[in-house]
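Colleague: I have a model open and would like to go through some of its features with you. Could we begin with a sheet and then turn to the charged pairs?

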Amino acid sequence: MLNLIKKGLLTALVIVLMQPAWATNRVGEITLVIGQSEIERAANPNNAPAKGDLIQQGDIVKTSANGHVHIRFVDGALVSVRPNSVLSIQEFRYNPADPAVSVVRMNLDRGEVRSISGAAAQAAKDRFRLNTPLVAIGVKGTDFVTQTSQEGTRVMVNQGAIVMAPFDQNCKAQALGVCSGSRARELTADMVGMALIYKSGFADPSLQILPGVKDPAKPISPDRKGIDDPKVNSVDDKLLEGLFPVARLAWGRWSRTPAPGDGLTLSFRDAMQGREVTVGDGYYFLFREASTVNLLPSLTSQAEFKLTGSAAQYRSPGNDISAAQVDAASLSIDFGARTFATQLQVSAPGITPQAFSYSGKVDPASGIFLSEGGNGKPSLAGSLTQTGRQAGYLFSQPVGNGSLSGATLWGR
């Protein structure tokens, strides 16, 4: 009788061990641990991982400033969780008998991971999803690196391709696969030396040249001895700082001393340092930092800009110049239609507040936009940065026998 019980237990154990991965909650194994990390699991919320430990669906991998955790999933996929990162294995279902019904859903809350697709993502690309706080990332059979913070996400591709799209009504975090639509952007390994970047507040993801890529003719080579080099910098909330500088435009003046009401301009010599001139009227000149990539032709969304700086003057009929004030203003740019529309209200002593409206076309090659006045001369001339994140324009408008003029800076 005892032998029969032993045989029954042994048979049951063999059946459990022979169950396919998709029928269990065990979805992977830790292959490397460096530094301090933890696995958050409902049954054991503060588990220090070790090589050989099993990974389950629902696990949250958290690495410290010196922590690395490498995971090999049951479908052969490899994931490296790099320092200061939080990766959730939200759903992982792999059926080796029918890989096309596999589901892989992960969430990178912060930090950096490298992911090399396994059989599940290869066979069921429309059922793979990596979410960050800002965007959805779908794959097309890929080796890629994702960096994210609450401020932005950056993806670099070693092999294959990814599609990035911001969350909106057409791209839901709970969905699977690639998000389509006008805001989705693709990055392939053929686009050597490029990254796909999305920052909080941006209309669309954008391509940028990777800093430090000295030879763009050579692709980034995956380390086949292991999934990555542990010697990487940690990622924090300043992840994208420097990739999209806060200020790319500067107003310069062709005068030794500022005009009344002008607290906006630099001297012409200071403004031109490291910048190129775009538009000007003899006093105001708008300078822009040179950029190696012009994103304007690829932008398709409509964006609202906020006024970040202004200067204005009123020239009286007697040719006296006094300070004026921009009281209210708006600027909208439709990148798809390549048009702009702006309104502003300007006041000065001795006249009633004046409301002006301008509209016109935006040249995506140069970023310059103009609006002509009744005399055929531009009453507004401005320029965008080539990232589409900042704008500036000067305006001039007759008021009776006098005139109002000034310059503005805008950001989003």
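Modeller: Certainly. Please bear in mind that this is a predicted model. One open sheet has 4 strands in the order β19-β18-β21-β20, and the pairing is mixed.

Colleague: Which strands stand at the edges of that sheet?

Modeller: The edge strands are β19 (266-267) and β20 (275-280). Each has a single partner strand, so one side of each is left without a neighbour in the sheet.

Colleague: How many bridges join β18 to β21?

Modeller: There are 5 bridges between β18 (residues 249-253) and β21 (residues 284-289), and the two strands run antiparallel. As an example to locate on screen, Ala250 has Phe287 of β21 as its bridge partner.

Colleague: In what sense do β20 and β21 pair?

Modeller: They pair in the antiparallel sense, over 5 bridges. Here Gly280 is matched with Phe285 in β21. The hairpin of these strands has 3 residues between them, and Gly282 takes a positive phi near 105° there.

Colleague: Which residue that is not a glycine has a positive phi of about 55°?

Modeller: That is Asn84, found in the loop between β7 (78-81) and β8 (86-93). Most residues other than glycine have a negative phi. Arg338 also has a positive phi although it is not a glycine, at about 60°. Arg338 is in the loop between β23 (321-334) and β24 (339-347).

Colleague: What is the relative accessibility of Asn84?

Modeller: Asn84 has 22% and counts as partly exposed. Arg338, at 37%, counts as partly exposed.

Colleague: Let us change topic. How many salt bridges does the structure hold?

Modeller: It holds 11 salt bridges. One of them joins Arg41 to Asp59, with the closest N and O atoms 2.7 Å apart. Arg41 is in strand β2 (residues 37-41) and Asp59 in the loop between β4 (54-56) and β5 (60-63), 18 residues apart.

Colleague: Is Asp59 buried or exposed?

Modeller: Asp59 is buried, with a relative accessible area of 0%.

Colleague: What does Glu112 pair with?

Modeller: Glu112 forms a salt bridge with Arg82, the closest N and O atoms being 2.5 Å apart. Glu112 lies in strand β9 (residues 103-116) and Arg82 in the loop between β7 and β8, so the pair ties together parts 30 residues apart in sequence. Both Glu112 and Arg82 are buried.

Colleague: Which residues are linked in a network of salt bridges?

Modeller: Asp168, Arg183, Arg185 and Asp204 form that network.

Terms used
Residues are numbered from 1 along each chain as its sequence is written. This is a predicted model: local features need pLDDT of at least 70, side-chain atom pairs count only at pLDDT 80 or more; totals for chains, interfaces and linings use all residues. Side-chain values use heavy atoms; hydrogens and water are left out. Two strands pair if DSSP finds at least two bridges between them. Buried means under 20% relative accessible area, exposed over 50%, partly exposed in between (1.4 Å probe, protein chains only). A salt bridge is a side-chain nitrogen of Lys or Arg within 4 Å of a carboxyl oxygen of Asp or Glu.
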